[in-house]
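Okay, thanks everyone for coming. I'd like to walk you through one structure today, so let me put it on the screen.

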Amino acid sequence: MADRRSTLFGVAVAAALTVGVCRGADAQRSRPYRPAFDVADYALTIDLPDTGSTIRASARITVGRVGHADTLTLDLLDLDVSTVSVDGRAAKFNRTADGIDIALPSRRSTNATFEVDVEYGGAVKDGLIVRQDSAGRWTYFGDNWPNRARHWIPSIDHPSDKATVTWRVRAPASRTVVANGRLVSRKPIRDASGGDRVETVWRESKPIAPYLMVIAAAPLTEYDVGDTACGLAELQRCVPQFVYVAPEQRNFLPGPFARVGEIVQLFSTLVGPFPYEKLAHLQSSTRFGGMENASAIFYADGGFRRGTMRDGVVAHETAHQWFGDAVTERDWPHLWLSEGFATYFAALWTRAARGDSAFRGDMANIRRTVLADSGAVTHHPVIDTVETDLMALLNANSYQKGGFVLHMLRDQVGENAFFSALKEYYRKNRHSTALTDDLQAEMEKASKQQLGWFFNQWLRRPGYPTVQATWRYDAGQHETVIDLVQGAAFGTYEFPITVAAVDSGGGMHRATGRFKPDMTALQLRIPTATSPASIVLDPDVELLAALHVTP
Ligand SMILES: [Zn+2]
C-alpha cells in the first residue's frame, strides 16, 4: 500500500491484530499458518443491504487436505454462522471467538479436496468498510490488509495461502460493483420486497492472498482508459484499464491516471507480463493512501476530493500487482519484498517519466526518510522476525530502506544482472509466494556473485553505515586527498563509495573506493589542478549511509 505515514499511523489499531506471526530465530524458516490445509478457491456470495452494514453471505470454499487433521479452522470474526456443510452434508462446527472449527469426515478417498459451505451474516465491523458518503449514499469497500479479511470472509487468512476467488454480489441497482478479476455477468434481479437489484459476478482466475480479495459497491462512475500495454499481458493480449470515481469527481479525470498505460508498459517490460485480467483504479474508503488489491487498486478518497493525488501513488500500487500480489511474501517478516519493491519501482517510474535528476531526487528523499527514522530503522532489521504488531511493519524499513537496498543491489550486481534476476524471480514465483532467499538465489545466479554478506548487512541488521570525511589539497601532487572514516554505531559495512571534488566552475571530479569487510578507514586521491571549492560524498545518491564532510 502507499506509504502515507499520516494515514498509516493515524489510525487507531484495534486489538484484532492477533495472528500467528513467525517468531522463529531463523528468519527464513517460515512456519505454515494452517499446515494441513491449502485453500484452492473461494466462491463468495454477498447480499448487500439497501442501507446499513448488515450483510447476508455464503462461502463455498474448496480446500485441499495436505496433512493429517480432522478439524478445519477458518478465521472469521464478528459475524454469525448459521450452517456449515462439507461436501454437501451438514457438518458439526464450533463457533469460537475468532473462527469456526469444522469437523471433517475421516479421510475416505484418495481425493483429498473437499468443499465447505458456510452460511453466515450480521453487521460487519471491519474488512468491508461501510460508510455513507458526503451525499448520504451508502458505500461498501473491502479493505483487508493485513488480516482483516476475517471480519467478513471465512478464510485461511494468511498471505501464504493464496486462492482464486469468485464474487457474486447482490446490491441495489444504483451501485456499481467492482471486484478482483474479470467481469463475468451483470443482471437485474428482484429482491423479496420487489426492489430493483443487480447481481454482479467477478472472477479472479489467478490465486491471490486473502488480504487482496475485495469488492467495491458504491455509486461509481466508470472512466474507460481502454486497452493498454498490448502484447505485455499474461492472460490476454492487452491490459484493459478503468478508473472508478464518485460522480462528483468525474472532472478530476484522467488526472493522475493519464499515464497508467505507460506505467503498466514500463513494469511489464522490466519484470514480466502483467498478471491479471484487467486493472481498475478506484476512489474508495481504504484507510491507507492506496491499497494494491489484485487487479482493483483502491485509493484514499481525500486525494480525489481535494485534487491532490499524483501519479507516484498510482505507480506504487501498480508495481504491487507484480510484487506483493503476483509474487507474495510468504510471511510478514518479508514484507519488504512487497513494499520495498513498490517504493523502488515508483522511483523507476519517476526516472522513466521525468528523467535521471528527478530519480536522484526521489532516492535522496527515500534516504532522508531512512536516516531520520529513530524507531524501526535503528532498532530492527528489515526482515523483522520479532515484531508482532503487523501495522507496525508499515515502517521506513519495509518501504524506504527496502527500496534503497534494491537500488544498491542493482549497483552491486549491475543493471543487466539485476533485471534478468528480477525477471527470473518473477517468472518462477508468479502466482505463488516467496521469501528473501528466493530473491538472493536469483541475484547470485545472474551475477555469479555470492551475496550472503550483502543481504545480511542490509536486511538482517538494524541501521546503516556512517561515513565521516576530512580532506586537504596536496599542491605538490595536484591532488585532493580525502580521508574517509567509517563509524561503528551499527557495526561496519562493506560498500563502494564515490566522492566528488567540485571545482570553482561547478565541475565534478570523481573517484570511487570501497570499504572492504571490517575496514574503517579509506583514502581517496582525486587529481585536481587547484584546491576544490567543496567535496561531495556520494554525488549520485547510490549509498544508504549517513554522510558528513568536515570542511
Ligand atoms: Zn505499498
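I'll start at the metal, then go on to a pair of helices, and finish with a few spots in loops and a strand. Keep in mind that this is a predicted model.

So, the metal first. Which residues coordinate the zinc ion? Met1 gives two atoms, its N and its O, and then there are His316 through NE2, His320 through NE2 and Glu339 through OE. The distances run from 1.9 to 2.2 Å. If you like to read these things as a pattern, the donor spacing is M-x314-H-x3-H-x18-E. Look at where two of those donors sit: methionine 1 is in the segment before helix H1, which is 5-10, while histidine 316 is in helix H4, residues 311-320. The pair therefore ties together parts that are 315 residues apart in sequence. And are these two buried or exposed? Methionine 1 is buried, at a relative accessible area of 0%, and histidine 316 is buried too, at 7%.

Next, the helices. Please find H8, residues 397-413. Of its 17 residues, 16 are buried, so the rest of the structure largely encloses this helix. Right after H8 comes glycine 414, with a positive phi near 95°.

Now bring in H11, residues 452-459. The axes of H8 and H11 come within 11 Å and cross at roughly 155°. Anything over 145 counts as roughly antiparallel, so that is what we call H8 relative to H11. The crossing of H8 past H11 is right-handed. Who makes the contact? On the H8 side we have Lys401, Val405, Met408, Leu409 and Gln412, and on the H11 side Trp453, Phe454, Phe455, Trp458 and Leu459. By type, the residues of this contact split into eight nonpolar, one polar and one charged.

On to the loops, and let's do prolines. The peptide bond from tryptophan 145 to proline 146 is cis, with omega near -5°. Proline 146 sits in the loop between strands E10 (138-142) and E11 (163-172). There's also a cis bond from leucine 253 to proline 254, with omega near 0°, and this proline 254 is in the loop between E17 and H2.

Stay in that loop for a moment, since proline 256 is found between E17 (239-245) and H2 (260-271) as well. Proline 256 counts as buried, at 9% relative accessibility. Setting aside neighbours within four places in sequence, proline 256 contacts Met309, Arg310, Asp311 and Val314. Its C-alpha is 9.4 Å from that of glycine 307, which is 51 residues away along the chain.

Two non-glycine residues with positive phi are next. Lysine 448 has a phi of about 55° and lies in the loop between H10 (436-447) and H11. Aspartate 518 has a phi near 65° and belongs to the loop between strands E26 (508-515) and E27 (521-527). Lysine 448 is exposed, at 77%, and aspartate 518 is exposed as well, at 66%.

Last stop: threonine 470, in strand E23, residues 466-474. Threonine 470 is partly exposed, at 38% relative accessibility. Beyond residues up to four places away, threonine 470 touches Val481, Ile482, Asp483 and Thr550. That's my tour, so over to you for questions.

Conventions:
Residues numbered from 1 in each chain as written. Predicted model: local features only at pLDDT ≥ 70, side-chain atom pairs only at ≥ 80, totals over all residues. Heavy atoms only, no water. Donors = N, O, S within 2.8 Å, 3.2 Å for Na, K, Ca; no water. Helix = DSSP H or I, 4+ residues; strand = E, 2+ residues; numbered from the N terminus. Buried < 20%, exposed > 50% of the residue type's maximum accessible area, 1.4 Å probe, protein only. Axes fitted to C-alpha atoms, helices over the stretch in contact; angles between N-to-C directions. Parallel < 35°, antiparallel > 145°, perpendicular 65-115°, else oblique. Left-handed = near helix turned anticlockwise from the far one by under 90°. Contact = heavy atoms within 4.5 Å. Nonpolar A, V, L, I, M, F, W, Y, C, P; charged D, E, K, R; others polar.
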